[in-house]
Amino acid sequence: MENNRGQWGSSMGFILAAAGSAVGVGNLWRFPYLMGSNGGFWFLIIYLAFVILLGIPVLLGEFSIGRFTQLSPVAAYKKIQKGSGFVGVLAIIAPFVIMTYYGVVGGWALKFMGSFVTTGAGLDWSAFTGGDLTLGVWQPLVWTFIFLAIAWFCCIFGVKGIEKANKVMMPALFVLLIIVIIRSVTLPGASEGFMFMFANVDGFTLGAVPAALGQVFFSMSLAMGAMITYGSYLSKTENLPKSAVRVASLDVLVALLAGVAIFPAVFAMGAEPGAGVGLTFFTLPGVFEAMPAGAVFGAIFFLLIFFAALTSAISLIEACSAFAIDSLKLSRKAAVSILCVIFAVLSIPNSMSFAAGTPFSGEVFLGMELFSSVDEIVNNFILPLGGLFMCIVVGWFWKPQNAIGEIESTPGYTFKAQKAWSMCIKVVTPVLIAIVFVTSVLKLFGVVSF
């Protein structure tokens with residue numbers, strides 16, 4: 001039975017895998033539509049502040065837990081503090097729930113890429129996802145299953161397979177993104193997109209604050225168990241603070257580049273930046289179709305979305321499968337296979353939530369269709385709550401000194417920012433998370449509105 005814990009083959013392999021986890025559809029799909037719906041520039045400022053005050057401290061904490069324990073999230077939390085295993089359970093619930101709709105988005109990307117390649121145009125997103133109870137409603141599901149099958153293949157080979165996949169896909173992702181950016185910024189009227197991203201002060205509401213917080217957690221794969229799991233495959237030679245900063249920097253860079261790729265093109269073609277969830281799949285295909293050589297750039301862009309979705313899906317599946325391997329004593333192949341089948345089945349309601357006449361369509365929860373309500377619950381509730389508990393466990397029970405001891409176990413390394421990090425993990429980060437989390441709950445129950 002294959003229960004041996006693997007280890008990254010190189011520091012670069014780990015950085016690319018961790019960055020691949022962080023760099024996903026959260027950057028290329030979610031970040032642009034949230035920025036477009038929340039006023040542009042001010043959303044970006046809040047997001048960057050949360051990356052520094054919350055994202056990096058939590059990421060470093062999770063790397064420390066993972067490397068210290070060499071265990072998957074539930075067992076890791078139990079090891080560092082008796083009675084805190086429930087925090088690890090939250091960290092497994094999050095990627096499990098996310099994978100019930102992440103594969104749906106990955107499937108969309110595959111289908112749209114194929115459409116640009118074969119027909120020279122995108123799809124009508126509403127028609128593709130919103131068919132009635134005929135053969136049409138199953139098309140998005142087929143592509144979801146194909147996407148999950150590819151992710152399964154990448155994960156069954158363990159750490160080495162994940163490392164090899166990311167060494168190919170992450171550089172390819174950056175190359176493809178630069179190609180799309182060059183086309184986007186050279187369009188007439190593209191400067192309006194830059195103004196929206198870096199100078200627009202209109203359209204800001206307090207709703208941008210919880211949206212930015214949820215985006216940091218989602219985009220950086222925090223409180224999902226992924227970074228603890230990846231940290232558990234690290235050797236003592238890895239510089240954890242440097243790795244945390246590098247991963248966070250790559251994540252922010254891709255989010256900004258995604259904005260630069262998308263918003264100049266959106267404004268140049270007279271499209272609506274605040275189109276919401278459908279910005280990438282509803283608005284952008286029309287933008288690509290309207291520009292010269294749009295079929296080529298449309299295919300490249302959705303290949304980019306596919307790579308981003310796949311690198312993150314691999315880390316989410318790995319977090320869940322590491323738990324199954326460690327706790328349920330399953331072999332890797334059995335754990336990954338069983339989980340991917342479960343994700344495929346649970347993807348059906350989220351995929352069908354856009355289709356007319358299905359039991360999952362319409363406003364089923366929180367005034368939204370199922371897909372959006374699940375996304376809302378995970379990003380505004382489960383992930384911040386998991387991050388809050390992580391800070392409490394590390395900052396007040398396991399104690400920052402123990403985490404710092406693990407950080408400084410790297411030969412010859414002294415953690416110079418230990419006081420600042422300790423203050424963040426004990427006070428600043430949990431207080432900020434708690435304030436935004438409580439505000440989100442009050443909004444949910446109609447106590448406040450923004």
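## What counts as buried

A residue counts as buried here when its relative accessible area is under 20%, as exposed when that area is over 50%, and as partly exposed in between. Take alanine 223: its relative accessible area is 4%, so alanine 223 is buried. Keep in mind throughout that this is a predicted model.

## The overall build

Let's start with the whole chain. The protein has 18 helices and 0 strands. Its radius of gyration is 21 Å, close to the 22 Å that the globule rule gives for 450 residues, so the protein is as compact as a globular protein of that length. Along the principal axes, the C-alpha trace spans about 55 × 50 × 45 Å.

Of the 450 residues, 59% are buried. If you look at contacts between residues at least 6 apart in sequence, 79% of them join residues at least 24 apart. As for the outside, the accessible surface comes to about 16100 Å², and carbon and sulfur atoms account for 70% of it.

## Charges and a buried pair

On the charge side, there are 22 positive and 19 negative side chains, and the centres of these two sets lie 16 Å apart. Side chains of opposite charge can pair when their charged atoms come close. How many salt bridges does the structure hold? The count is 4.

One of them joins aspartate 375 to arginine 30, with the closest N and O atoms 3.4 Å apart. This pair links distant parts of the chain: aspartate 375 sits in helix H16 and arginine 30 in helix H2 (residues 25–37), 345 residues apart. Are these two partners buried or exposed? Both aspartate 375 and arginine 30 are buried.

## A network around Glu406

Next up is a trio: a network of salt bridges links Arg67, Lys236 and Glu406. Arginine 67 pairs with glutamate 406, and their closest N and O atoms are 2.7 Å apart. Since arginine 67 lies in helix H3 (residues 41–69) and glutamate 406 in helix H17 (residues 400–407), the pair ties together parts that are 339 residues apart in sequence. Arginine 67 and glutamate 406 are both buried, with glutamate 406 at 4% relative accessibility.

Lysine 236 also forms a salt bridge with glutamate 406, and here the closest N and O atoms are 2.8 Å apart. Lysine 236 comes from the loop between helix H11 (226–231) and helix H12 (240–268), so its pairing with glutamate 406 in helix H17 ties together parts that are 170 residues apart in sequence. Lysine 236 has a relative accessible area of 38%, so it counts as partly exposed.

## Along helix H16

Back to the helix that holds aspartate 375. Glutamate 376 is in helix H16 too, which covers residues 370–398. At 27% relative accessibility, glutamate 376 counts as partly exposed. The C-alpha atoms of glutamate 376 and threonine 100 are separated by 13 Å, with their positions 276 residues apart along the chain. Threonine 100 belongs to helix H5 (residues 85–119) and is buried, at a relative accessible area of 8%. Leaving aside residues up to four places away in sequence, threonine 100 touches Leu346, Ser347, Asn350 and Val374.

Asparagine 380 is another resident of helix H16, and at 11% relative accessibility it counts as buried. Which residues does asparagine 380 touch, not counting residues up to four places away in sequence? They are Pro210, Gly214, Phe437 and Ser440. The C-alpha atoms of asparagine 380 and alanine 211 are separated by 7.3 Å, though the two are 169 residues apart along the chain.

## Two positive phi angles

Two loop residues are worth a look for their backbone. Alanine 223 is not a glycine, yet its phi is positive, near 60 degrees. Alanine 223 lies in the loop between helix H10 (208–219) and H11, and, as noted at the top, it is buried.

Lysine 399 isn't a glycine either, and its phi is positive at about 80 degrees. You'll find lysine 399 in the loop between H16 and H17. With 36% relative accessibility, lysine 399 counts as partly exposed.

Notes. Residues numbered from 1 in each chain as written. Heavy atoms only, no water. Helix = DSSP H or I, 4+ residues; strand = E, 2+ residues; numbered from the N terminus. Buried < 20%, exposed > 50% of the residue type's maximum accessible area, 1.4 Å probe, protein only. Contact = heavy atoms within 4.5 Å. Rg over C-alpha atoms; globule rule 2.2 N^0.38 Å. Areas by Shrake-Rupley, 256 points an atom, 1.4 Å probe, with all protein chains shown as cover. Lys, Arg positive; Asp, Glu negative; His and termini not counted. Charge placed at Lys NZ, Arg CZ, Asp CG, Glu CD. Salt bridge = Lys/Arg side-chain N within 4 Å of Asp/Glu carboxyl O.
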